[in-house]
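Here's a walk through one protein model, going from a helix and its charged partners to strands, rings and a few extra contacts. Have a look at the structure first, then read on.

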Amino acid sequence: MTAVGMLLLQGAGAPNGGLPLARPLTSDATGAVVSDRVGTWNMCNPCGSGNDFGRATEIATYAPQVIALQEACVRNVERIRRYLEELYGLVYRVEYGTVLRNWNRCGGLPWRPGGYGQAILSAAPITDRVSIEYPDGGSEDRGYLAVTTLVSGRSVRVFNTHLAERRQGEVRAGQIQVLAAEVARYDRAIVLGDFNAVPHAPELAPMWALAPDTDPGCHPSTTDADTDTCTATTDWDSKFDYVFLRGITPGTHHVRPSPYSDHHVLYTDLNDGIFVARGRASPSYGWPRRSPTGSTTSSGSTTSSAPGSAPTSAGAAPTP
């Protein structure tokens with residue numbers, strides 16, 4: 001579909017509900033979802049809901065199969081999904097990991113503020129949603145969202161998290177213990193998000209023990225100088241955002257600055273969808289390994305769909 005040539009009218013009488021004009025994508029834009037591409041992006045909140053069209057254009061440019069969003073308001077994500085579908089022909093399902101309702105961040109009614117937290121967009125069906133709020137969020141409630149979906153035609157568990165603020169290392173250490181314990185249950189997992197910590201931060205050790213980051217020059221280290229090989233993912237030249245792959249071989253890794261956030265867009269193309277099994281690369285099919293119950297027992301509020309059930313929000317969002 002060539003959306004860039006579409007003329008869409010603005011205003012209350014527009015047949016498409018007042019959508020903005022489709023912005024021409026860059027020459028390297030894919031034009032269709034890339035089935036083996038995964039990404040993560042802290043969209044920056046509050047940075048203005050007027051950025052949603054620009055955010056949709058950024059996602060359309062790189063068109064990952066799965067993208068994890070942090071600092072996400074439900075109403076903003078729903079608007080972004082609408083732009084992606086109606087302007088660029090990209091249809092994404094969504095699941096939300098709302099950790100708080102905050103009028104200042106997400107608007108809404110005084111008695112019903114908008115939901116704020118994580119979101120996972122996937123071009124494939126989503127099942128087995130689990131949303132966990134960490135027992136200690138630090139200065140603001142934080143948590144992780146996990147779903148099962150398809151990447152490169154293979155089923156994989158995907159996690160999206162946003163950890164406590166940068167000066168709260170002890171709080172993040174507790175949060176990572178909760179997250180790592182769940183990730184360790186799966187032979188294959190993709191862990192995405194804003195960890196608010198540089199690679200050599202001691203609290204990241206449990207994640208590094210489970211999975212490497214896809215930045216080929218970035219590894220856990222013992223000194224600040226060693227982080228120079230990591231590509232910065234923020235406007236203040238720190239690496240806070242990660243794509244950890246467990247049991248999956250990375251291909252090319254990309255970091256793209258964005259005018260719509262103080263965090264850059266990260267995305268990784270997997271190595272032809274090759275998954276690693278017991279130390280060697282091999283195709284992998286079927287559901288990722290998980291415990292029999294499908295529920296989590298850790299801390300805080302938990303919601304979970306039954307294994308194999310239909311996605312709870314493929315076509316509709318929770319009340320913003």
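Let's begin with helix H1, where Asp-52, Phe-53, Gly-54, Arg-55, Ala-56, Thr-57, Glu-58, Ile-59, Ala-60, Thr-61 and Tyr-62 are buried; buried means under 20% relative accessible area, exposed means over 50%, and partly exposed is what falls in between (1.4 Å probe, protein chains only). H1 covers residues 52-62, and 11 of its 11 residues are buried, so the helix is largely enclosed by the rest of the structure. Helices (H or I, at least four residues) and strands (E, at least two) are DSSP runs, numbered from the N terminus. Just after H1, Ala-63 adopts a positive phi of about 45 degrees.

A word on ground rules: this is a predicted model, in which local features need pLDDT of at least 70 and side-chain atom pairs count only at pLDDT 80 or more, while totals for chains, interfaces and linings use all residues. Residues are numbered from 1 along each chain as its sequence is written, and side-chain values use heavy atoms, with hydrogens and water left out.

**Salt bridges**

What does Asp-52 do with its side chain? It meets the side chain of Arg-79 in a salt bridge, 2.5 Å from N to O. Asp-52 lies in helix H1 and Arg-79 in helix H2 (residues 74-88), so this pair ties together parts that are 27 residues apart in sequence. The two ends sit in different surroundings: Asp-52 is buried, with a relative accessible area of 1%, whereas Arg-79 is partly exposed at 30%. Arg-55 joins in too, as Asp-52, Arg-55 and Arg-79 are linked in a network of salt bridges.

The model has 10 salt bridges by the rule used here, namely a side-chain nitrogen of Lys or Arg within 4 Å of a carboxyl oxygen of Asp or Glu. Here are some of them.

| Acidic residue | Basic residue | N to O distance |
|---|---|---|
| Asp-52 | Arg-79 | 2.5 Å |
| Glu-140 | Arg-142 | 3.0 Å |
| Asp-213 | Lys-239 | 3.1 Å |

Glu-140 and Arg-142 are both buried. Asp-213 and Lys-239 both lie in the loop between H5 and S11, so their salt bridge ties together parts that are 26 residues apart in sequence. Asp-213 is buried at a relative accessible area of 6%, and Lys-239 is buried at 4%.

**Strand S6 and its neighbours**

Strand S6 (residues 115-122) is mostly covered, with eight of its eight residues buried. Which strands pair with S6? Strand S2 (residues 64-73) pairs with S6 in the antiparallel sense over six bridges, and strand S3 (residues 93-101) is joined to S6 by eight bridges, again antiparallel. Pairing here needs at least two DSSP bridges between the strands. Leu-121 of S6 turns up in both pairings: it is the bridge partner of Ile-67 and also of Val-94.

**Aromatic rings**

How many aromatic pairs does a search of the whole structure find? There are 11. Rings of Phe, Tyr and Trp (its six-membered ring) pair if their centres lie within 6.5 Å; planes under 30 degrees apart count as stacked, over 60 as edge-to-face and the rest as tilted.

Tyr-144 and Phe-159 have ring centres 5.9 Å apart and planes at 55 degrees, so this pair is tilted. It links distant parts of the chain, 15 residues apart, with Tyr-144 in strand S8 (residues 143-151) and Phe-159 in strand S9 (residues 154-162). Tyr-144 and Phe-159 are both buried. Together with Tyr-134 and Tyr-186, they form one aromatic cluster.

Trp-208 and Tyr-242 make an edge-to-face pair, 6.3 Å from centre to centre with 85 degrees between the planes. Trp-208 belongs to helix H5 (residues 205-210) and Tyr-242 to strand S11 (residues 241-246), 34 residues apart. Both are buried.

Tyr-242 has a charged neighbour as well: Lys-239 lies over its face, 4.4 Å from the ring centre. The charged end of Arg-166 likewise sits over the ring of Trp-236, at 4.5 Å from its centre. For this, NZ of Lys or CZ of Arg must be within 6 Å of the ring centre and within 35 degrees of the ring normal.

**Around Asp-269**

Last stop: Asp-269 is found in strand S13 (residues 265-277) and is buried, with a relative accessible area of 13%. Leaving aside residues up to four places away in sequence, Asp-269 touches Val-34, Asp-36, Arg-37, Pro-250, Gly-251, Thr-252 and His-254, where contact means heavy atoms within 4.5 Å.
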